[in-house]
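Got your viewer open and ready? Let's take a short walk through the model, picking out a few spots to select along the way.

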Amino acid sequence: TVITRIFRAIKAIDKHSVHQICSGQVVLTLATAVKELVENSIDAGATSVDVRLKDYGAELVEVSDNGKGVEEANFEGLTLKHHTSKLRDFSDLIRVETFGFRGEALSSLCALSVVTCHESSQVGTKLVFDHKGHLVQQSPHPRQQGTTVSLQQLFYTLPVRHKEFQRNIKKEYAKMIHVLQAYCIISTGVRVTCSNQTAQGKRSTVLGTTGSPSMRDNIGAIFGPKQIQSLIPFQQVSPAENVIEEYGLKDADLPKQPFSMEGFVSRGDHGVGRSATDRQFFFINSRPCDPLKVTKLVNEVYHMYNRHQYPFVALNIAVASECVDVNVTPDKRQIFLQEEKLLLAVVKTSLITMYEAGVNKISLNFTPIPRTTTNLRSAAQGSRPLQDLPEFSPRAPQWGGLSWTGSGTEGSRGAATSRKKTAPRQIASSLRRHRDTWRSGPVSSSEPTDAGKKETQEEASEDPEPLQVQSEPGTSNEGRAAGPDAKRARTDEPRPPAEHKAHTQSRRSPAVDAPVFLQKRAVPLHFSLQELAGRVKRLQDLRRQAAGGELCYRRFRAKIDPGENQTAEAELSKEISKDMFKEMEIIGQFNLGFIIAKLNADLFMIDQHATDEKYNFEMLQQHTVLQGQKLIQPQKLHLPAVSENVLLENMEIFRKNGFEFLVDEDAQVMERVKLVSLPTSKNWTFGPADIEELIFMLSDSPGVMCRPSRVRQMFASRACRKSVMIGTALNVAEMKKLLVHMGEIDHPWNCPHGRPTMRHLANLDIISQE
């Protein structure tokens, strides 16, 4: 989509419109600051945007572009609040096609310095603004066409915010990189670079695109060729009827093609997805946004084909500007969209169609069963023609290629109708045939009997007569003892006349339940009002004693039940500190598997195996340095620039996990790091996937010792094997040692596999003495 931008003078928005569009833009994060500056550069028509940081943005944030620049007439209003060149009144929001439009971003970033050169100027100008957005200094400055905005020590005028910002600077930096990646993907034809310079090191590039007109090339430039290989283009299709019904839509009311979508998603194959949603980017009219319902839907559909991973997503949704409202939140990430349900229906149908086309299907070879020319029943017995009988057909997919279908007069009704109606008729007909044979003797097969003719006529009717079963000659049901739950055959004989009612009732079982007389027995109940009063008085005395002493209350309310595990852990962590474990008194061992301990008036049950397993696990986590196995040849990782920097900043953590690397600082981005050693332990092997997982964990918690999930699994297995087993008898000293160990670990409430280590049994003070 080619967007034509009209550059007008920077003027104040009228006060009435300000109240309608103003959302109180306040820059609270590094990501917001960089986002606003990059958006201004792209709005200015730049084809090159360069973001430079010092100390991850704590010292300097600088964004430089080659856009149109700022005219001298607009210098004064450049950083004044609610001054913009992109709209004049509220009605312009319907047609807004730029990232910014409120006139709040630069005013919230003051104080800042700007160096700009308009396309009509011969020399650039340096502008310095105060905290109120007023221009305080203007001087000539050499510069090519474009604008450079510099922010020195972001938030330094706000001491509390500045201290918090510096304390979490690496987290802020990681969030900023993720936001910038979205603009790199969608800004086709724009070269975007981002670099960082630490106090001790040289400047290094962390992001970079080449200005390609292809979204696919931008994705490859940011995340590497490996990511590109796992993607498939998004192919839009019209919503299916069942999906339309699911979202409560009607075909007659649906607008035609209100959306146009392009982008890429991960294949549904196992192993090509990601362990987290860290690479999911959504755009509305090329504007990065967070459509929560669309995001949830994409992940749900992907889990239908790859349930253990999340997809990479880069999806741009084009819609008429009058059908979307971006003036919702200060960061413009939340949007209101007309026909949102229709959008969800299109996205769901499109994804299912794409993934179904790539699903491996098992084809079953089927050899048709030859039809027999012999009727299942003799024509002399009044059987139906062969074409009226059900047959097997390989055409339908049910039951692995077989389906039960009907033919003849009932063929149009399908398999279910044939099964429901044909089979009962055959059974009823067969029983009647045996009944007639049994009464009249054998029937010649040369020609059908009257009974056979009658049976063929009865079968032609839609509803066959109810089945009647008679007992064999010489037997009678009258003398049989029937149990209370015995089932009786239903008979549909005509009602007898009133005069024969008594006689009929004596010959057959009653049609309704008959009343039964039960002899009731009276049992005397002993009751003493004096004894009851004594019990109440003793209970009141106990309550007075409790009120006069220390306050007793139930600190532990969770039951010993798997559904109560989370509540129980919360109670334990709240009421028990680490130093309390060594104060617990050992009562004894129960069932050679559980330690019963007492703390004041509270009794606890401790799983001896789970407790020892958690202690051993945490010790392995903290102190084990995995030994690495050298590779014959260094392996290229092709990590994105951001991931490379995270790895380089946490080399010691990778070393403790058994990974060693060869680093070439002078190499190109995504080529600086090579793997030279992998951790190995007996039958456990590790690889690049574990490196990527570590990088993701360290991006959120830089500098914190962590392990890949597979290393944790290995430690959990080792800890289990070396721990005290259920069935082992322990003396008091051994049990006390396990309790002391619980006070030395970070999270003693469950084992590495999730089983609880201890549970509260009872409080002795609140147990009745009765």
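The tour visits internal cavities, then some packed helices.

Before you click: this is a predicted model, where local features need pLDDT of at least 70, side-chain atom pairs count only at pLDDT 80 or more, and totals for chains, interfaces and linings use all residues. Residues are numbered from 1 along each chain as its sequence is written, and side-chain values use heavy atoms, with hydrogens and water left out.

**Stop 1: the cavities**

Rolling a probe the size of a water molecule over the atoms shows where empty space is left. A cavity here is a set of points, on a 1 Å grid over the protein atoms alone, where a 1.4 Å probe fits but cannot get out; lining residues have an atom within 4 Å of a point. Volume is the space filled by probe spheres set on the points, which are joined across faces, edges and corners.

How many cavities of 30 Å³ or more does a search of the whole structure find? Two. The largest has a volume of about 50 Å³. To see its walls, select Phe556, Ala558, Lys559, Ile560, Ala568, Glu571, Leu572, Arg759 and His760. Two elements give two or more residues to this lining, α16 (565-575) and β27 (758-763); helices (H or I, at least four residues) and strands (E, at least two) are DSSP runs, numbered from the N terminus. The largest share, three residues, comes from α16. Color the lining by class and you get five nonpolar, one polar and three charged residues (Ala, Val, Leu, Ile, Met, Phe, Trp, Tyr, Cys and Pro count as nonpolar, Asp, Glu, Lys and Arg as charged, and the others, Gly among them, as polar).

Next, go to the second largest cavity, with about 30 Å³ of space. Select Ala31, Val34, Lys35, Val38, Met176, Val179, Leu180 and Tyr183 to show its lining. Both α2 (30-43) and α5 (169-186) supply at least two of these residues. By class, seven are nonpolar, none polar and one charged.

**Stop 2: α5 and α6**

Stay with α5 and add helix α6 (residues 215-223): their axes come within 7 Å and cross at roughly 145°. Axes are lines fitted to C-alpha atoms, for helices over the stretch in contact, and angles run from 0 to 180 degrees between N-to-C directions. Show Gln181, Cys184, Ile185 and Ile186 of α5 against Met215, Asn218, Ile219, Ile222 and Phe223 of α6; contact means heavy atoms within 4.5 Å. This contact has seven nonpolar, two polar and no charged residues.

**Stop 3: α17 and its partners**

Now select helix α17 (residues 608-623) and helix α22 (residues 732-742), which pack at an angle of about 50° with axes 9 Å apart. That makes α17 oblique to α22 (under 35 degrees is roughly parallel, over 145 roughly antiparallel, 65 to 115 roughly perpendicular and the rest oblique). Where they touch, Gln608, Thr611, Asp612 and Tyr615 of α17 meet Leu738, His741 and Met742 of α22. By class, that contact has three nonpolar, three polar and one charged residues.

Finally, swap in helix α21 (residues 709-722), whose axis comes within 8 Å of that of α17, crossing at roughly 135°. α17 and α21 are therefore oblique to each other. Their contact includes Phe617 and Leu620 of α17, and Phe715 and Ala719 of α21. The whole contact has six nonpolar, three polar and five charged residues.

Note on methods: On a 1 Å grid over the protein atoms alone, a cavity is a set of points where a 1.4 Å probe fits but cannot get out, and a pocket is an open set with protein on both sides within 12 Å along at least five of seven lines; lining residues have an atom within 4 Å of a point.
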